[in-house]
Amino acid sequence: MIDGDINFGQELLFNIFVIDITEWSGGLYVSPTIAGSRPGSLIAGAWAAMISLGKEGYLKNTKAIMEASVRIQKGIEEIAELFIVGNPDMTIVAFGSDVLDIFEVNDVISSKGWHLNALQRPNSIHICVTLQHVPIVEDFLNDLKESVKTVKANPGPISGGLAPIYGAAGKMPDRGMVQELLVDYMDGTC
């Protein structure tokens with residue numbers, strides 16, 4: 001076998017396993033593997049945590065997380081510029097805005113150390129509430145309020161933010177082009 005055949009085989013294998021999705025309401029998604037963001041080590045870690053906590057510990061933590069999720073949802077509902085997407089029954093709370101660029105809000109709150117996920121259709125962001133959020137719900141809501149105020153007073157993307165990418169990708173009618181951009185982005189960052 002010559003090098004050209006090996007390179008072709010590697011490229012073919014790579015292209016088979018790259019996952020790139022442009023139409024998912026969960027946002028733009030690209031992954032270099034079938035496993036995506038669910039590698040075996042995370043599954044094993046979750047199992048070990050369940051064994052360590054036991055049923056009572058698991059239920060205690062779950063209750064605290066669910067209560068934090070409800071507090072976050074209520075706090076977001078109190079911010080006039082934002083709306084809750086759907087009816088969050090669990091620990092993922094998605095929210096958007098009809099008056100602000102929600103992706104700009106995401107960029108500003110990211111600069112404060114929070115890492116939310118951008119969504120599309122409708123444009124929105126979400127927080128996946130975990131045990132680490134339980135003691136800092138008020139900090140999150142205060143930073144979110146401040147981020148909304150910042151964007152309202154200074155609309156327009158912040159330097160280095162992802163709002164322009166998400167905004168442009170959502171408006172591109174050629175989804176194939178968006179797909180190519182996702183793969184190019186992944187190739188340049190992974």
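The following is a dialogue between a trainee and a mentor about a predicted model of one protein.

Trainee: What should I know before reading the values?

Mentor: This is a predicted model, where local features need pLDDT of at least 70, side-chain atom pairs count only at pLDDT 80 or more, and totals for chains, interfaces and linings use all residues. Residues are numbered from 1 along each chain as its sequence is written, and side-chain values use heavy atoms, with hydrogens and water left out.

Trainee: How do you know how many helices and strands the protein has?

Mentor: They are DSSP runs, numbered from the N terminus: helices are H or I with at least four residues, strands are E with at least two. On that basis the protein has 6 helices and 6 strands. Along the sequence the pattern reads α-β-β-α-β-β-α-β-β-α-α-α.

Trainee: What makes a residue count as buried, and what share of the protein does?

Mentor: Buried means under 20% relative accessible area, exposed means over 50%, and partly exposed lies in between (1.4 Å probe, protein chains only). Of the 190 residues, 33% are buried.

Trainee: Which contacts join residues far along the sequence?

Mentor: A contact means heavy atoms within 4.5 Å. Take the contacts between residues at least 6 apart in sequence: 60% of them join residues at least 24 apart.

Trainee: Why are β4 and β6 called paired?

Mentor: Two strands pair if DSSP finds at least two bridges between them. Strand β4 (residues 92-96) and β6 have 4 bridges, in the antiparallel sense. The definition is therefore met. One of the bridges sets alanine 94 opposite histidine 126 in β6.

Trainee: How do you know that β5 pairs with β6?

Mentor: Strand β5 (residues 117-119) is joined to β6 by 3 bridges, and the two run antiparallel. The cut-off is at least two, so they pair. Asparagine 117 stands opposite histidine 126, and alanine 118 stands opposite isoleucine 125. The two strands form a hairpin with 4 residues between them. In the turn, arginine 121 has a positive phi of about 60 degrees.

Trainee: Why is the sheet called open?

Mentor: The order of its 4 strands is β3-β4-β6-β5, with antiparallel pairing. β3 (83-84) and β5 stand at the edges, each with a single partner strand, so one side of each has no neighbour in the sheet.

Trainee: What makes β6 a mostly covered strand?

Mentor: β6 spans residues 124-128, and 4 of its 5 residues are buried. Helix α2 lies across β3, β4 and β6. Its angle to β4 is about 10 degrees. Such angles run from 0 to 180 degrees between N-to-C directions, with axes fitted to C-alpha atoms, for helices over the stretch in contact.

Trainee: Why do Met50, Leu53, Tyr58 and Leu59 count as a nonpolar patch?

Mentor: Patch residues have over 30% relative accessible area and no salt bridge; nonpolar side chains (Val, Leu, Ile, Met, Phe, Trp, Tyr) are joined within 5 Å, like charges within 9 Å. Leucine 59, in helix α2 (residues 40-77), has 48%. That value is over 30%, so leucine 59 passes the area cut-off. Together the four residues have about 360 Å² of accessible area. Areas come from the Shrake-Rupley method with a 1.4 Å probe; for residues, only the protein chains shown count as cover.

Trainee: What makes glutamate 67 and lysine 63 a salt bridge?

Mentor: A salt bridge is a side-chain nitrogen of Lys or Arg within 4 Å of a carboxyl oxygen of Asp or Glu. Here the N to O distance is 3.7 Å, so the pair qualifies. Both residues lie in helix α2, 4 residues apart, about one turn of the helix. Lysine 63 is exposed at 54%; glutamate 67 is partly exposed at 41%.

Trainee: How do you know that lysine 152 and glutamate 81 meet in a salt bridge?

Mentor: Their N to O distance is 2.9 Å, so the 4 Å limit is met. Lysine 152 lies in helix α4 (residues 137-153) and glutamate 81 in the loop between α2 and β3, so the pair ties together parts 71 residues apart in sequence. Glutamate 81 has 17% relative accessible area, so it is buried. Lysine 152, at 53%, counts as exposed.

Trainee: How many salt bridges does the whole structure hold?

Mentor: The search finds 3. Another is between lysine 149 and glutamate 146, at 3.8 Å, N to O. These two are 3 residues apart in helix α4, about one helical turn. Lysine 149 is exposed at 54%, while glutamate 146 is partly exposed at 39%.
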